[in-house]
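Reader: Please take one part of this model and go through it closely. I would like to see how the strands and the helices around them are arranged.

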Amino acid sequence: MRVIVPLQAVVQGRGGLVLGSLIPCALFYFLQLYIRRDRPSSSASNLPELAPMPRSLSRSLLSPRGSSGPVRLSSRGASVARDDDNPYYVGLKRCAEDPYHHSSNPNGFMQLGLAENWLSLDMIRDWLVGNVKEPLLLDEEGELSIHGLATYQPYDGLMDLKMAVAEFMGQVMQGSVSFHPSQIVLTAGATPAVETLSFCLADPGNAFLVPSPYYPGWDRDIKWRTGIELIPVPCRSTDNFSISIAALELAYNQAKKRGVKVCAVLVSNPSNPVGNLIDRETLYDLLDFVMEKNIHLISDEVFAGSTYGNDRFVSVAEVLDSENFDRRRVHIIYGLSKDLCVPGFRVGVIYSYNENVLAAASKLARFSSISTPTQCLLISILSNTKFITEYLKVNKEQLCDMHALFVDGLKQLGINCASSSGGFYCWADMSMFIQSYNEKGELKLWDKLLNEAKINVTPGSSCHCIEPGWFRCCFTTLTKQDIPIVMERIHRITESN
Amino acid sequence: MVKGAESCVPLSEVATSNTHGEDSAYFAGWKAYDEDPYDAASNPAGVIQMGLAENQVSFDLLEKYLDQHPGASGWGCGISGFRENALFQDYHGLQTFRQEMATFMEQIREGRATFDPERIVLTAGATAANELLTFILADPGDCLLIPTPYYPGFDRDLRWRTGVRIIPVHCSSSNGFQVTLQALEDAYVKAEGMKIRVRGLLLTNPSNPLGTAITRHVLEEVLDFVTQKDIHLISDEIYSGSVFSSDEFVSVAEIVEARGYKDCDRVHIVYSLSKDLGLPGFRVGAIYSYNDRVVTAARRMSSFTLVSSQTQRMLASMLADREFTENYLKTNRERLKNRHDFITEGLKNAGIECLPGNAGLFCWMNLAPLLEEPTKEGELRLWSLIVHEAKLNISPGSSCHCSEAGWFRVCFANMSQQTLEVALRRIKDFMKNMKAKQEK
């Protein structure tokens with residue numbers, strides 16, 4: 001990959017290169033340009049005009065159909081995905097496939113290998129009936145059965161909930177793509193979803209490329225127990241913090257030089273903390289990039305239903321549907337905490353096109369399964385598609401109003417925000433109010449805002465933003481009446497700076 | 001909060017690293033908010049929270065929905081509680097629920113031990129609790145000692161993602177598979193010989209698969225052993241409420257208290273409502289640790305495995321009903337004992353001996369006399385016959401790492417009486433056939 005390194009120099013016009021590396025560079029440019037040619041134009045293009053090349057040819061140069069090889073699972077993921085031949089589990093499985101029933105299957109397997117206690121469920125049921133209105137877990141005969149009080153259920157979620165969630169995701173994406181329940185693994189929140197997926201894709205010491213600024217929680221969720229490194233790939237305010245493939249390319253090669261294996265690119269869309277959307281063009285570029293490198297793409301789309309601008313949200317799933325990309329390297333993280341406002345219920349989703357990842361993740365889901373009564377409650381709410389449609393619509397309107405009010409309020413204080421169309425926050429530029437243009441100065445301002453103005457906002461440095469002075473300000477826990485108070489408090493600090 | 005002595009028992013890299021990220025401004029801001037939250041009426045000078053990407057702007061829509069669909073708002077949360085519930089994702093867990101869990105654990109031990117709710121960390125099931133503790137107490141490549149036979153799930157739960165190994169402590173039928181000091185020493189020495197660092201000992205009490213409660217004497221020896229080696233002790237007590245006679249169960253908590261909490265910061269207990277209350281689907285587990293640093297690390301790490309707030313609320317309500325819990329525990333124990341006696345009697349009539357058991361949802365039966373050869377292969381051949389001919393799924397001792405061939409775990413609490421009778425009949429027939437074959 002020595003080829004790509006001089007590329008940067010060419011882009012920056014430093015020149016002075018060996019001919020042998022110029023030609024592959026040029027080829028790379030031809031490829032990039034031709035790929036762009038067939039798509040709606042992107043504002044992010046900064047490559048020189050060159051003659052086109054047939055796309056399928058370029059595809060076969062870099063990633064010949066079928067022989068780019070199956071994208072790798074981590075060794076941990078692979079060993080987890082394998083079927084267990086321990087008789088303990090074999091027995092359980094056989095029994096589940098052909099279970100004894102006194103009338104309908106008297107010759108079936110009897111399960112004496114499962115340590116569950118059904119003897120006293122009647123007492124539990126009686127208590128529930130006596131104390132709780134209309135419990136959802138009783139079937140027509142008033143038995144605690146189907147929905148899993150009486151027994152362990154699949155660790156990766158009830159099929160009914162997977163179906164309801166798949167349906168919900170389709171509604172959130174406004175019908176542009178349909179999701180299949182069989183490709184879903186449910187977990188207790190998006191936090192374990194992203195960690196579990198990471199365990200499947202990378203081994204300790206491997207890395208993910210993450211366009212920054214990014215969600216601070218990932219530093220814990222992904223790095224902590226997995227031993228995976230997160231490499232921030234800076235985005236710039238000059239292009240509204242859009243993802244740059246060139247920057248990804250650079251970061252990839254720098255990692256390679258250090259001997260670090262990059263396994264995936266991780267993006268959030270809508271972006272947290274900026275709130276912008278990844279456009280279709282960039283999604284294609286990302287897919288090309290990960291295909292070329294034979295790595296994974298993780299798209300965290302937890303705010304997909306919380307958009308309000310004029311731009312339409314495009315999920316990576318939608319792009320996959322329309323193009324012939326190798327889907328096995330694409331994974332989506334979703335959840336109900338943001339779009340349905342129920343973070344306490346702990347519902348996260350790993351949506352993958354890779355059956356090995358699904359096999360491993362569904363096993364690992366045992367460490368973070370969703371409580372069955374909660375699953376039942378949500379099945380009930382989500383099944384009411386009419387309500388959900390109405391809810392999503394009104395939610396967007398309310399988010400839009402709050403966003404507008406808030407951004408306007410900040411503007412009046414001389415604070416501009418990045419252009420955003422999604423999420424619960426705005427990405428505000430307070431760099432003119434920091435005393436020294438660096439992280440220290442930013443944290444000083446953050447400290448003042450917190451301890452003097454008593455406003456908790458998130459400093460850009462926590463999000464690995466390369467430009468000091470940006471702050472993520474969430475407005476969705478405020479009421480409209482709170483906004484003037486917030487502005488007044490911010491003003492107190494900014495006027496003294 | 002009862003404080004243990006200053007901890008000298010080391011924790012893992014993962015537990016002591018700063019990668020939990022809570023020292024960052026991101027979390028510091030939240031803390032400031034938690035300590036002084038803004039409220040328009042009652043605390044207008046408080047910190048306004050804008051560092052939390054939570055959406056409350058459309059809550060009224062959800063509340064209206066629940067108003068119109070009362071069934072969905074059941075489970076003890078009601079409409080007024082819905083908002084609180086839906087937003088609650090504090091890894092400290094609902095205070096009332098922790099309180100009730102602590103009290104329930106005391107009830108099971110009939111007041112012989114006390115539990116401080118502040119030391120309880122909730123997890124989505126005991127599976128997660130065991131894995132969490134392993135991450136916290138051991139580094140990849142280290143090991144935990146576990147007496148055999150043990151729950152097959154440990155091989156997966158404790159090792160998969162943690163990179164930690166298990167070294168078995170071999171127990172034998174000569175003393176009813178009780179743990180001996182010699183066996184502990186042997187295992188420890190073995191680990192040393194393999195240059196593997198031993199970080200802790202994991203006991204299941206009452207034992208799965210044996211169905212026996214560990215005696216006070218053995219617990220005392222075990223506690224002395226771990227203290228002497230300066231390692232941790234994890235006591236998995238998920239079947240504590242399923243001991244047929246409550247006074248036959250001795251929790252490590254009792255021993256810790258009897259010793260005046262001396263050197264107790266190496267002791268950690270795992271509990272769950274899956275077995276004792278028969279609610280595995282609810283995913284409710286808990287870590288109880290006498291070690292402050294472990295409690296803190298576990299709490300942070302529980303972010304990966306939180307219990308639904310709705311479930312916490314509902315179960316807090318259920319466990320608070322003392323009349324219900326007293327009656328439940330008593331009745332459940334009686335039913336388990338009756339079932340146990342029924343099956344062991346039935347097995348005896350079929351010519352099968354079981355290890356005398358006093359707890360759990362299963363019995364440990366000895367089919368060694370039926371083995372062609374006293375090996376793992378012999379046992380598995382027999383197991384295969386039982387599964388395919390008698391069509392009974394029982395668990396072979398080898399999958400529990402039992403060092404003696406021919407033992408099997410048979411569960412009896414997950415079926416009706418009638419089904420159990422059918423199963424016993426099948427076993428009897430199977431034994432008859434085997435005997436006939438042997439005589440040929």
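Author: What follows describes a sheet in chain B and the helices that pack around it.

The model is predicted, and it scores ipTM 0.86 and pTM 0.83. Chain B has an average pLDDT of 86, with 84% of its residues at 70 or above. Two stretches of chain B fall below 50. One is residues 1-7, with 17 contacts beyond near neighbours in sequence; the other is residues 72-77, with 20 such contacts. Where pLDDT is low, the predicted coordinates should not be read in detail.

The sheet in chain B is open and has seven strands, in the order β2-β8-β7-β6-β5-β3-β4, with mixed pairing. β2(B) and β4(B) are the edge strands; each has a single partner, so one side of each has no neighbour in the sheet. On average, neighbouring strands are turned by 25° against each other, direction ignored.

At the β4 edge, β3(B), residues 143-147, and β4(B), residues 165-169, run parallel and are joined by five bridges. Within this pair, Leu145(B) is opposite Ile167(B).

Helix α6(B), residues 126-137, packs on the sheet and touches β2, β3, β5, β6, β7 and β8 of chain B. The direction of α6(B) makes about 160° with that of β7(B). Helix α8(B), residues 181-193, lies across β3, β4 and β5 of chain B, and runs at about 145° to β4(B).

Helix α5(B) covers residues 95-108. From first to last C-alpha, its 14 residues reach 20 Å, close to the 20 Å expected at 1.5 Å a residue. Of these 14 residues, 10 are buried, and the helix is mostly covered. Among the buried ones are Phe97(B), Met101(B), Phe104(B), Met105(B) and Ile108(B); Arg98(B), Glu100(B) and Gln107(B) are also buried. The buried residues of α5(B) pack against three strands of the sheet, β2, β7 and β8 of chain B, and against the helices α12 (309-320) and α13 (322-349) of chain B. After α5(B) comes Glu110(B), with a positive phi near 50°.

A last point concerns the cysteines. With a limit of 2.5 Å between sulfur atoms, there are zero disulfides over all chains. Cys354(B) is in none, as the nearest cysteine sulfur, in Cys363(B), is 4.1 Å away. Cys354(B) is buried, with a relative accessible area of 15%.

Notes:
Residues are numbered from 1 along each chain as its sequence is written. Chains are lettered from A and ligands numbered from 1 in the order in which they are written. This is a predicted model: local features need pLDDT of at least 70, side-chain atom pairs count only at pLDDT 80 or more; totals for chains, interfaces and linings use all residues. Side-chain values use heavy atoms; hydrogens and water are left out. pLDDT is the predictor's confidence in each residue, from 0 to 100. Contact means heavy atoms within 4.5 Å. Helices (H or I, at least four residues) and strands (E, at least two) are DSSP runs, numbered from the N terminus. The expected span of a helix is 1.5 Å times one less than its number of residues. Buried means under 20% relative accessible area, exposed over 50%, partly exposed in between (1.4 Å probe, protein chains only). Two strands pair if DSSP finds at least two bridges between them. Axes are lines fitted to C-alpha atoms, for helices over the stretch in contact, and angles run from 0 to 180 degrees between N-to-C directions.
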